[in-house]
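Work through the following exercises with the sequence and the 3D structure side by side. Try each task on your own before you read its solution.

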Amino acid sequence: PGTPSNISGLPSVCDFSGTLEYSIKSIKDAESYTWSYTGTGVVISAGDTSVNLTFSPGATSGVLSVHGHNASCGDGTASVLTITIGSKPSVLLTTPGDICQSAVAMILSGGMPAGGNYSVDGISMTAFDPSHDSIGPHLIIYTYTAPGGCSGTDSAWILVKDCPEIPVYFPDAFSPNGDGLNDQFKPTRTT
């Protein structure tokens with residue numbers, strides 16, 4: 001039989017359990033096809049030019065191969081695809097807690113491992129400016145993608161509060177005479 005085409009299908013998956021399909025184009029002069037997988041925890045349901053791989057939880061990475069066969073020539077050359085099964089990274093997000101709507105913008109941080117991306121209420125951003133958002137809860141999501149391509153997320157709520165500004169009076173005179181006016185030189189709140 002002729003040489004098979006490259007195997008089509010996902011070469012890497014993350015913490016996956018389920019079924020994926022892989023395929024090749026028809027091999028010239030092949031009467032049958034032989035598919036195999038070197039990893040563990042995978043069941044192969046083979047057809048001719050396509051195969052379904054059912055990955056169980058804990059399945060391992062391996063090499064998927066296929067070759068054609070005919071009675072006259074025997075087995076043909078194999079086409080191979082390395083399938084990597086990665087783990088989702090453990091991701092943690094801590095937030096500063098409640099924040100006043102009048103507060104200055106803050107750089108989003110607190111996601112671990114470092115190097116991920118933040119979104120607030122579904123909008124990707126690097127800084128959060130409470131003065132541009134409504135009072136109430138806002139959902140922050142941190143997404144980190146590990147070098148192998150697997151992603152993990154964590155989320156936390158931040159509450160934007162209405163913190164009315166309280167006027168402060170700074171005396172411009174000091175008269176410690178016991179009359180209750182400017183007896184102490186310190187700022188006071190006025191209402």
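**Exercise 1.** Find the residues that glycine 41 touches, leaving out those up to four places away in sequence, and describe where glycine 41 sits.

*Solution.* Begin with the contacts, where contact means heavy atoms within 4.5 Å: glycine 41 touches Thr54, Phe55, Ser56 and Ala59, once residues up to four places away in sequence are not counted. Next, place the residue in the chain: glycine 41 is found in the loop between β3 and β4 (42–46), where strands (E, at least two residues) and helices (H or I, at least four) are DSSP runs, numbered from the N terminus. Then take a distance, which shows that the C-alpha atoms of glycine 41 and glycine 58 are separated by 6.7 Å, although the two residues are 17 residues apart along the chain. Finally, glycine 41 has a relative accessible area of 34% and is therefore partly exposed, given that buried means under 20%, exposed over 50% and partly exposed in between (1.4 Å probe, protein chains only).

Before going on, note that this is a predicted model, in which local features need pLDDT of at least 70 and side-chain atom pairs count only at pLDDT 80 or more, while totals for chains, interfaces and linings use all residues. Residues are numbered from 1 along each chain as its sequence is written, and side-chain values use heavy atoms, with hydrogens and water left out.

**Exercise 2.** How many helices and strands does the protein have, and why is it described as more spread out than a compact globule?

*Solution.* Count the secondary structure first, which comes to zero helices and 19 strands. The radius of gyration, taken over C-alpha atoms, is then compared with the globule rule, which is 2.2 Å times the number of residues to the power 0.38. For 191 residues the rule gives 16 Å, whereas the protein has 32 Å, well over that value, so it is more spread out than a compact globule. The spans of the C-alpha trace along the principal axes are about 120 × 25 × 20 Å. As a last step, look at burial, and you will find that buried residues make up 28% of the 191 residues.

**Exercise 3.** Describe the geometry and surroundings of the two aromatic pairs in the structure.

*Solution.* Recall that rings of Phe, Tyr and Trp (its six-membered ring) pair if their centres lie within 6.5 Å, and that planes under 30 degrees apart count as stacked, over 60 as edge-to-face and the rest as tilted. Tyrosine 37 and phenylalanine 55 are 6.3 Å apart from centre to centre with 85° between the planes, and this pair is edge-to-face. The pair links distant parts of the chain, since tyrosine 37 belongs to strand β3 (residues 32–37) and phenylalanine 55 to strand β5 (residues 50–55), 18 residues apart. Both tyrosine 37 and phenylalanine 55 are buried.

Turn now to tyrosine 118 and tyrosine 142, whose ring centres are 4.7 Å apart and whose planes stand at 45°, so this pair is tilted. Here too distant parts of the chain are linked, with tyrosine 118 in strand β13 (residues 117–120) and tyrosine 142 in strand β16 (residues 136–145), 24 residues apart. Tyrosine 118 is buried because its relative accessible area is 12%, and tyrosine 142 counts as buried at 0%.

**Exercise 4.** Is serine 119 buried or exposed, and which residues does it touch, not counting those up to four places away in sequence?

*Solution.* Serine 119 is found in strand β13. Its relative accessibility is 15%, so serine 119 counts as buried. With the sequence neighbours set aside as the task asks, serine 119 touches Ser124, Met125, Leu139, Ile140 and Ile141.

**Exercise 5.** Examine the backbone at aspartate 29, at aspartate 121 and at the peptide bond from methionine 112 to proline 113.

*Solution.* Start from the general pattern: most residues other than glycine have a negative phi, and most peptide bonds are trans. Aspartate 29, in the loop between β2 (18–23) and β3, has a positive phi of about 70° although it is not a glycine, and aspartate 29 is exposed, with a relative accessible area of 53%. Aspartate 121, in the loop between β13 and β14 (123–124), has a positive phi near 50°, and at 40% relative accessibility aspartate 121 counts as partly exposed. The peptide bond from methionine 112 to proline 113 is cis, with omega near -5°, and proline 113 is found in the loop between β12 (111–112) and β13.
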